Every structure is written in structure tokens, then in C-alpha cells.
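Subject: A structure for you to look through

Dear colleague,

Please find the structure we talked about below, and have it open in a viewer while you read. My notes on what was found in it follow underneath.

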Amino acid sequence: MNGKLSQKKAPLAEALARYRKNRIVPFDVPGHKQGKGNPELVEFLGAQCLSVDVNSMKPLDNLSHPSSVIKEAEALAAEAFGADNAFFIVGGTSAAVQGMVMCSCKRGEKIIMPRNVHISAINALVLCGAIPVYVNPGANEMLGIALGMTVDNIRMAMDENPDAKAVFLNNPTYYGICSDLEAVVELAHSRGMKVIVDEAHGTHFYFGEGLPKAAMHCGADMAAVSMHKTGGSLTQSSLLLTRSMNPGYVRQILCLTQTTSASYLLMVSLDISRRNLALRGCETFARVLELAEYARQEINKIGGYYAYSTELCQDQAVFAFDRTKLSIYTRNIGLAGIEVYDILRDEYDIQIEFGDIGNILAIISVGDNERMVERLVAALYEIKRRYAKDPSGLLNNEYIAPQVILPPQNAFYGEHRFLPLKESSGHVSAEFVMCYPPGIPVLAPGERITDEIIDYIAYAEEKGCLLTGPEDATLATVKIVEG
Ligand SMILES: Cc1ncc(COP(=O)(O)O)c(C=O)c1O
């Protein structure tokens with residue numbers, strides 16, 4: 001450990017505590033003036049919270065150009081995660097993902113990636129004009145989900161596209177599946193390509209034992225880490241980690257889209273959560289893992305459901321599985337994942353992360369205990385008893401391989417017109433359609449609309465998925481590329 005740094009410190013939290021104590025008279029924004037101007041908000045959120053909802057000022061540093069307490073807090077985060085540099089992100093992991101893509105590719109340059117990425121990655125391609133080279137992630141036929149990219153498939157994509165600038169990976173996917181990141185890093189670096197990693201669901205990899213390896217520990221160049229997902233910080237706060245990148249350039253890229261009024265609530269939550277993870281992360285995630293294993297065992301005992309785990313690693317496209325993920329295949333009880341999701345919410349007051357066509361995902365994290373897990377298990381048992389039916393006729397395919405016709409930016413900004421969705425088969429989409437969550441586009445700009453996609457969208461709608469992305473929110477029509 002660098003002699004000057006101590007993970008017991010939280011420089012930003014300490015600076016905010018000093019600010020609070022100093023009783024500064026605020027003639028700056030925010031106009032609620034430490035809550036005084038908005039008593040209802042104080043009542044709702046608490047005076048402590050509003051007293052540090054401040055804007056940047058000398059003693060509190062500035063996220064656009066950190067030189068004191070934010071700089072120190074970021075250095076501590078970098079050390080805790082084994083990175084050269086860490087950047088506090090206040091626009092969600094979406095902003096971190098976009099930052100990574102825009103740091104590694106410019107307009108017209110190629111990036112090798114799986115297609116089962118979060119929409120933020122393809123949005124980045126729309127913004128910067130990079131060209132995706134999609135590698136088929138493979139699929140588990142029974143579960144209907146996309147897996148990871150194999151090293152062989154990535155090598156083939158590199159052979160065919162030696163001018164590609166970067167490889168993008170999920171570590172893990174929403175469902176918990178990881179590719180062989182270490183091998184991909186070695187391969188990519190030997191060809192002068194960067195490796196950038198979406199670790200929205202992998203914060204705990206940096207601290208747990210018996211978990212898949214984290215991007216920075218595998219030598220990747222950049223990683224977008226959702227501290228707010230499993231790291232304990234406030235929603236929307238995230239980290240961008242880098243190694244061997246020019247930090248000044250990364251900051252410039254982030255500032256292209258970053259707010260100039262970064263929330264201190266979000267930033268201090270990153271600082272305090274990093275300290276917590278550095279000091280107690282190992283024992284916390286050991287406990288999380290134990291809980292997830294217990295839940296998986298109990299759910300598999302019910303029968304019908306399938307809570308999967310490392311046995312999936314027999315497939316080449318599953319190098320490792322994140323055992324803290326409680327991903328459950330529901331189709332065999334005759335219910336789509338989204339139906340189980342809705343029943344859990346509406347009838348059992350249990351909110352899980354998502355339900356898709358054939359699976360549900362429950363996040364087990366720092367804040368859970370055995371009693372909560374037992375409630376979930378009991379509810380799933382009941383749901384099976386009350387609602388199980390013949391599964392025939394249920395769709396099983398979460399992932400449809402795309403037919404890419406145009407780069408996303410060209411399709412998004414090109415000439416277009418609207419067509420009824422049902423009549424759009426064969427045309428090229430100018431927009432996104434996806435179920436949220438998980439936020440992986442079914443259709444992205446530049447991809448051909450097929451009968452299979454139209455059927456999938458109709459089925460997802462019928463089952464109650466939230467479909468987002470298109471300009472026409474009713475999805476009666478879809479925007480297609482003209483010509
Ligand atoms: C794989 C993946 N990447 C990126 C994101 C974006 O994260 P955020 O919602 O913090 O912007 C998500 C969000 O769910 C995600 O699942």
C-alpha cells in the first residue's frame with residue numbers, strides 16, 4: 001500500500017463534516033440553502049442530508065478538475081480496486097460505460113463486443129460513431145439466455161478486424177456469466193487493442209473470495225463499476241477504473257457529458273462505501289455468497305424452478321459464474337420470469353431485480369439477511385403451488401442474434417420514417433427497443449427488423465415487460481431507416 005494512503009480515511013466525507021460544522025452562510029446554489037428554503041424536503045429526506053447537498057467550492061474540490069479532497073478520495077478508490085486511477089461518476093454506470101467507449105474509439109473506428117450489452121454501450125456508439133463488430137455470445141438453449149464470448153470467437157473477430165481498437169466485455173452479465181477475461185486481455189494487448197469491461201454487476205469481485213476475477217486484477221484497461229448496485233453507495237453513483245490510460249484525457253472525455261454540478265451526496269456515498277468495502281468487503285461478500293448459496297439450494301429443493309450456478313461452466317462460453325447472483329429459470333413451472341416478478345411484487349410485497357421471458361434475478365447483497373431470503377423462498381414455493389401450469393407455448397428465447405446492416409450512428413441520425421411495427425419486417429430500425437430491466441436492446445439502430453423480433457416484442461408486451469426505447473412509446477409504429 002502507498003505509504004500516504006490509508007483506507008480508513010474518507011477525505012470527502014471528512015471535508016463535508018468540516019463544512020457542516022463551520023456553519024458557512026450560503027449565497028450560492030443550491031437555492032434550498034442547506035434545506036432552510038424547503039422544509040417539506042427536509043422533513044422527507046432529513047436535515048443531515050440536505051445540509052451537505054452543496055455545490056463545489058474551494059474546500060470541497062470540483063469533480064471536473066479534482067485537486068484536493070475529491071482527488072484524494074479517488075486515489076483511495078483506485079488503490080482499493082487495484083487501478084491506476086479511479087474517477088467518481090455521478091451519471092450512473094451508463095456514464096462510465098460511455099466514457100470507456102469514447103476513450104477508446106473515435107468515429108469510424110471498430111470495437112469488438114458481444115451484442116448482449118447494456119443499452120449504454122450501444123448509446124455510446126450512437127454518440128461517438130464507433131462501429132461495432134459483434135461476436136456471437138452463444139446461448140444456453142434451455143435457459144434461453146446469452147452467455148459470454150469465447151476466446152476463440154474473439155480471436156476470430158480480431159483476425160478479421162485487425163484494425164479494431166478495443167474489445168468490450170461484460171464481467172459478469174446480468175445473469176452472472178463471465179468470459180475468460182485474463183485470456184482476452186492477453187490476446188487483445190498482444191494486438192494493440194484495449195480491453196474495456198462493463199462491471200456494472202461485478203463490484204464485489206474486487207473484494208470477495210471464491211468469485212470470478214475482477215477486470216483490474218486481470219489487467220484490463222478500463223472498467224465501469226456500479227458501486228450503487230452491489231457496493232452499497234447511493235443510486236446513480238459509480239466508478240470508472242483505469243490502468244495505463246492517460247488520466248487527463250479520460251477526465252476530458254468524461255467532462256464532455258458530465259454535469260458541472262456533481263452531487264456531493266452521490267460522491268460522499270462513493271467515498272464512504274469505498275472505505276467500507278476496503279475495510280470489511282471480504283467478510284461482507286463471504287456472507288452474501290453464503291446467503292446466495294443457501295437461497296439457491298432451498299429454491300432448487302422446491303422443484304420446477306432452476307436456480308443455476310457453476311454447473312453452467314461446462315459450456316465454453318461460460319468461463320466462470322458469479323455465485324452471489326440468484327438467477328432462477330421459471331419457465332418449467334409454466335410462468336414467464338416477468339409473470340413471477342409481477343406476482344412477487346403484487347401479492348407478496350417482494351421486489352426483485354428483474355423478470356424476463358424465462359428467468360428472474362434476485363439481488364442478494366450487503367443489506368440482506370436469512371429472514372429475507374426465507375420470505376423469498378416461501379413466496380416462490382407458494383407461487384408454484386398456486387399458479388404452476390403447463391409450460392408448452394411459452395417462449396424461451398431471450399436473445400435474438402442481430403442482423404447488422406448499418407452502424408448505429410448512421411441509422412440513428414439518418415433519414416427515416418415511421419411504419420406500423422407489424423409491417424416493418426425486413427426494414428432497418430433507426431431506434432432502440434428493449435425490455436427494461438435488463439436493458440439489453442432487442443433491436444438497435446442499424447439492425448434489421450425480423451418476424452422473430454416482432455413476435456418477441458408482442459410476446460414481451462403481452463407478458464407485461466416494460467418496453468422502452470422507441471420514439472412512439474406505444475410501439476404501434478417503429479422508426480425505420482429510409483431507403
Ligand atoms: C450491464 C449493465 N451495464 C450498465 C448499466 C448502467 O447502469 P446505471 O443504471 O447505473 O446507469 C446497467 C444497468 O442496469 C447494466 O445492467
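Two strands are said to pair if DSSP finds at least two bridges between them. With that in mind, and remembering throughout that this is a predicted model, you can begin with strand 9 and strand 10, which pair in the antiparallel sense over four bridges. Within this pairing, Val 225 stands opposite Leu 239 in strand 10.

**The sheet**

These two strands belong to an open sheet of seven strands, whose order is 1-10-9-8-6-2-3 and whose pairing is mixed. The edge strands are strand 1 (85-89) and strand 3 (131-135), each of which pairs on one side only. Neighbouring strands of this sheet are turned against each other by 20 degrees on average, if direction is ignored. As background, strands of a sheet pair through backbone hydrogen bonds, either parallel or antiparallel.

Both senses can be found here if you walk along the order of the strands. Strand 1 and strand 10 pair in the antiparallel sense over five bridges, and the bridge partner of Asn 85 in strand 10 is Thr 242. Strand 8 (residues 194-199) pairs with strand 9 (residues 222-225) in the parallel sense over four bridges, with Val 197 standing opposite Ala 223 in strand 9. Strand 6 and strand 8 also pair in the parallel sense, over five bridges, and there Phe 168 stands opposite Ile 196 in strand 8.

**Two covered strands**

How many residues of strand 8 are buried? Six of the six are, so strand 8 is largely enclosed by the rest of the structure. In a regular strand the side chains alternate between the two faces of the sheet. In strand 8, Lys 194, Ile 196 and Asp 198 point one way, while Val 195, Val 197 and Glu 199 point the other way, and all are buried. Strand 10 is mostly covered too, with five of its five residues buried: Ser 238, Leu 240 and Thr 242 point one way, Leu 239 and Leu 241 the other way.

Helices lie across these strands. Helix 8 (residues 181-190) lies across strand 6 (166-170) and strand 8, running at about 155 degrees to strand 8, whereas helix 4 (residues 69-81) lies across strand 1 and strand 10 (238-242), running at about 120 degrees to strand 1.

**Helices 1, 11 and 13**

The axes of helix 1 (residues 11-22) and helix 11 come within 7 Å and cross at roughly 130 degrees, which means that helix 1 is oblique to helix 11. Where they meet, Pro 11, Leu 12, Ala 13 and Leu 16 in helix 1 face a group in helix 11 that includes Tyr 264, Met 267 and Ile 272.

Helix 13 (residues 370-387) has 18 residues, which at 1.5 Å a residue should span 26 Å, and its end C-alpha atoms are 25 Å apart, which agrees. Which residues of helix 13 are buried? They are Val 373, Leu 376, Val 377, Leu 380 and Ile 383, and because they cover an arc of only 120 degrees around the axis, they are on the same side of helix 13. On the other side, Glu 370, Arg 371, Arg 385 and Arg 386 are exposed. What covers the buried residues includes helix 11 (264-302), helix 12 (337-348) and strand 15 (359-363).

With best wishes

How values were computed: Residues numbered from 1 in each chain as written. Predicted model: local features only at pLDDT ≥ 70, side-chain atom pairs only at ≥ 80, totals over all residues. Expected span 1.5 Å × (residues − 1). Buried ≥ 20, exposed ≤ 12 C-beta atoms within 10 Å, placed from the backbone. Arc of directions from axis to C-beta. Contact = placed C-beta atoms within 7 Å. Axes fitted to C-alpha atoms, helices over the stretch in contact; angles between N-to-C directions. Parallel < 35°, antiparallel > 145°, perpendicular 65-115°, else oblique.
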